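Student: I should like to understand the terms used to describe this structure. Could we go through them in turn?

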Amino acid sequence: MPMVEAEHLFRSFGTTPALRDASVAVAAGEILAVMGPSGSGKSTLLHCLSGIFVPDSGEIRYDGRRLDTLPEPARTALRRTAFGFVFQFGQLVPELTVADNIALPLLLNKVRRQQAYATAAGWLDRLELEGLGGRRTGELSGGQAQRVAIARALAIGPRVLFADEPTGSLDSVTGETVMRLLVGLAREEGVAVVLVTHDSRVAGYADRRVVVRDGRVFASHEVEAGR
Ligand SMILES: Nc1ncnc2c1ncn2[C@@H]1O[C@H](COP(=O)(O)OP(=O)(O)OP(=O)(O)O)[C@@H](O)[C@H]1O
């Protein structure tokens, strides 16, 4: 059974159609790369799959249950407890320290303070950010901030990770470290990973690749065959 499944999604912004009959699914333990040209609808698809946007029509299921028909508070609760997000911009609180930023979603989920900070420290180690826990995130390099964002997304132990260009500001060695970490999470913990990327090397780590074109989702081999 798919972990997240979308069928026949339509979503417009005013008169601009962003999704036009988009269908896609990701299974537990699977890494799905979502590729496609700028403006084709990738981010809109990610936002619909994760319950941030409600589609105009179509159905989304998480773990077999309808997500799109849930009221906003229930979708928010799901995002906080079951979904992790790594988006390109604006997710860290610059005035807070690295450790505070990673611990914050745990504290919001009512994890005790000591445990939240111990979990944060563990993720700092896994992402090679040891010693930076006390630094304000506004004082980090782009690559460090991105790894903190990844640590923050993973600290809650999500069942689905939604990532938009998660290695965008990382050098290739660090990018590979992050991708290997995501592969490990998928294999060992069954996390489903939905990964938007323009980078074919990053997509090479995925189990399956789809291409979004004009608001529709194609298997990558369909697109290659049609070229
Ligand atoms: N908030 C919005 N308001 C109006 N139009 C929007 C909004 N978000 C997206 N769109 C439009 O919807 C279409 C799909 O955009 P989307 O951001 O999903 O594409 P994308 O494939 O993620 O692009 P990129 O690779 O450049 O990030 C585009 O035509 C875009 O201009």
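Student: Is the crossing of α3 and α5 right-handed or left-handed?

Tutor: The model is a predicted one, and in it α3 and α5 cross in the right-handed sense.

Student: What makes α3 roughly parallel to α5?

Tutor: The axes of helix α3 (residues 98–108) and helix α5 (residues 142–155) cross at roughly 25° and come within 8 Å. Angles under 35 degrees count as roughly parallel, so α3 is described as roughly parallel to α5.

Student: Which residues make the contact?

Tutor: On the α3 side they are Val98, Asn101, Ile102, Pro105 and Leu106, and on the α5 side Val148, Ala151, Arg152 and Ala155. By class, this contact of α3 with α5 has 7 nonpolar, 1 polar and 1 charged residues.

Student: Why is α3 called oblique to α4?

Tutor: The axes of α3 and helix α4 (residues 113–126) cross at roughly 125° and come within 8 Å. An angle over 145 would count as roughly antiparallel, and 65 to 115 as roughly perpendicular. The value of roughly 125° falls in neither range, and the rest count as oblique; α3 is therefore oblique to α4. The crossing is right-handed.

Student: Which residues of α3 and α4 make that contact, and how do they divide by class?

Tutor: Helix α3 contributes Val98, Ala99, Ile102, Ala103, Leu106 and Leu107, while α4 contributes Arg113, Ala116, Tyr117, Thr119, Ala120, Trp123 and Leu124. They divide into 11 nonpolar, 1 polar and 1 charged.

Student: What makes α4 and α5 oblique to each other?

Tutor: Their axes cross at roughly 135° and come within 10 Å. Roughly antiparallel is reserved for angles over 145, and α4 and α5 are therefore oblique. This crossing, too, is described as right-handed. In α4, Thr119, Ala120, Trp123 and Leu124 meet Ala151, Leu154 and Ala155 of α5. The contact of α4 with α5 holds 6 nonpolar residues, 1 polar residue and no charged residues.

Student: What is the strand order of the open sheet with mixed pairing?

Tutor: That sheet has 6 strands in the order β6-β7-β8-β3-β9-β10. Its edge strands are β6 (83–86) and β10 (216–219), each of which pairs on one side only. From one strand to the next, the twist averages 20°.

Student: How do you know that the pairing in this sheet is mixed?

Tutor: Individual pairs illustrate the mixed pairing. β6 pairs with strand β7 (residues 160–164) in the parallel sense over 4 bridges, with Phe83 opposite Val160 in β7. Strand β3 (residues 31–35) and strand β9 (residues 208–213) are also parallel, over 4 bridges, and here Ala33 stands opposite Arg209. By contrast, β9 and β10 pair in the antiparallel sense over 4 bridges, with Arg213 opposite Arg216. In the hairpin of β9 and β10, 2 residues lie between the strands, and Asp214 takes a positive phi near 45°.

Student: Why are β2 and β5 placed at the edges of the other sheet?

Tutor: The sheet is open, and its 4 strands follow the order β2-β1-β4-β5 with antiparallel pairing. β2 and β5 (65–66) each have a single partner strand, so one side of each is without a neighbour in the sheet.

Student: How do you know that β1 and β2 are paired?

Tutor: Two strands pair if there are at least two bridges between them. Strand β1 (residues 2–13) is joined to β2 by 9 bridges, so the criterion of at least two is met. The two strands run antiparallel, and Ser12 has Pro17 of β2 as its bridge partner.

Student: Which residues are around the ligand?

Tutor: They are Phe13, Thr16, Ala18, Gly36, Ser38, Gly39, Ser40, Gly41, Lys42, Ser43 and Thr44. Both β2 (16–27) and α1 (42–49) supply at least two residues of this shell, and α1 gives the most, with 3 residues.

Student: What makes 8 residues of the shell around the ligand polar?

Tutor: The shell divides into 2 nonpolar, 8 polar and 1 charged. Gly is counted among the polar residues, so Gly36, Gly39 and Gly41, which are around the ligand, belong to that class.

Note on methods. Residues numbered from 1 in each chain as written. Predicted model: local features only at pLDDT ≥ 70, side-chain atom pairs only at ≥ 80, totals over all residues. Near = placed C-beta within 6 Å. Axes fitted to C-alpha atoms, helices over the stretch in contact; angles between N-to-C directions. Left-handed = near helix turned anticlockwise from the far one by under 90°. Contact = placed C-beta atoms within 7 Å.
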